[in-house]
Structure formats: structure tokens, C-alpha cells
Amino acid sequence: MLHTKICSECERLLYNAVVAMREHEKDFKSAVDFNVSGGMTEEDRQSLGPRLADSFTTAQAWWDAYREHLIGHGLLTPASKVIRMASTE
Ligand SMILES: [Zn+2]
């Protein structure tokens, strides 16, 4: 019988990465909307830039935690881009 090596922590880390990516997407969309409308003030720019960087960094950190967890399961290797879907172990 084949089993995929995933657990509730995999699910939690992926969920947090998804939520963080959505937050970053929201900040990114705000920047795009400002560009389209041409209504960005200097104050908007000064607050949006750090917010975009923060949400990007948070999303990257959750994604890295998820990746490290999968490496811990043996589903990924640090240098690998390939996911091992199942194991006979
Ligand atoms: Zn897991």
C-alpha cells in the first residue's frame, strides 16, 4: 500500500502560506490600483512600500517553513524541485 507522507502540520503550514500570499496579493493589488487611478500620494507611497515588503517577507517565511517541513518528511530535498508523491515505507 502506498502512503503520501503528509500530516496536519503540512496542512497548517500550507494554509498559513496561502493566507500570507493572499495578504500580499491584496497589498500588490492596492499598488496596481493606485497606478491605474494615478491617485497615489507621497504618503500612500511611503506606507504602501513597507507594507508590500512586509507582506512579501511574511509570505516567503511561511512558504519556507512549509518547504522545510516537506524536506523533513523526505518529500523534498533541499536542492530538489521534485516532490516525491508516495512511499512504500
Ligand atoms: Zn507534515
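Let's start at L13, which is found in helix α1. Keep in mind that what you're looking at is a predicted model. Is L13 buried or exposed? It counts as buried, because 20 other C-beta atoms lie within 10 Å of its own, and 20 is just what the cut-off for "buried" asks for. Who are its partners once you skip the neighbours within four places in sequence? L13 is in contact with W62, A65, Y66 and H69. You can also check the backbone: the C-alpha atoms of L13 and R67 are separated by 9.0 Å, although these two residues are 54 apart along the chain.

Now look one step back, at R12, which also lies in helix α1. R12 has 13 C-beta neighbours inside 10 Å, so this residue counts as partly exposed. Its C-alpha is 8.8 Å from that of Y66, another pair 54 residues apart along the chain.

Time to zoom out. The chain's secondary structure comes to 2 helices and 0 strands. Take α1 to begin with. Its 30 residues should span 44 Å at 1.5 Å a residue, and because the end C-alpha atoms are 43 Å apart, the expected and modelled spans agree. Right after α1 comes G38, with a positive phi near 70°. Then there's α2, with 32 residues. From its first C-alpha to its last, α2 reaches 47 Å, close to the 46 Å you'd expect at 1.5 Å a residue. Just after α2 sits G74, and here too phi is positive, about 85°.

How do the two helices sit against each other? Two packed helices are described by the angle between their axes and the distance between the axes. Here, the axes of α1 and α2 come within 8 Å and cross at roughly 160°. Angles over 145 degrees count as roughly antiparallel, and therefore α1 and α2 are roughly antiparallel to each other. The crossing of α1 past α2 is left-handed.

So which residues of α1 are buried? They are L13, A17 and H24, and the buried residues of α1 pack against α2. Over on α2, the buried residues are A59, Y66 and L70, and these pack against α1 in turn. Here's a handy bit of helix geometry: an α-helix has 3.6 residues a turn, so residues three or four places apart point the same way. Try looking down each helix with that in mind.

Next, the nonpolar core. The largest one has 6 residues: L13, A17, A59, Y66, L70 and L75. Both α1 (8-37) and α2 (42-73) supply at least two residues of this core, and α2 gives the most, with 3. So our starting residue, L13, is a member of this core.

For a contrast, find T57 in helix α2. T57 is exposed, because it has 12 other C-beta atoms within 10 Å, and a residue with 12 or fewer counts as exposed. The C-alpha of T57 is still 9.2 Å from that of A20, a residue 37 places away along the chain.

Finally, step back to the whole chain. Buried residues make up 8% of its 89 residues. Among contacts between residues at least 6 apart in sequence, 74% join residues at least 24 apart. The contact between L13 and Y66 is a good one to look at again on the structure.

Terms used. Residues numbered from 1 in each chain as written. Predicted model: local features only at pLDDT ≥ 70, side-chain atom pairs only at ≥ 80, totals over all residues. Core = buried A, V, L, I, M, F, W, Y, C linked by C-beta atoms within 7 Å. Helix = DSSP H or I, 4+ residues; strand = E, 2+ residues; numbered from the N terminus. Expected span 1.5 Å × (residues − 1). Contact = placed C-beta atoms within 7 Å. Axes fitted to C-alpha atoms, helices over the stretch in contact; angles between N-to-C directions. Parallel < 35°, antiparallel > 145°, perpendicular 65-115°, else oblique. Left-handed = near helix turned anticlockwise from the far one by under 90°.
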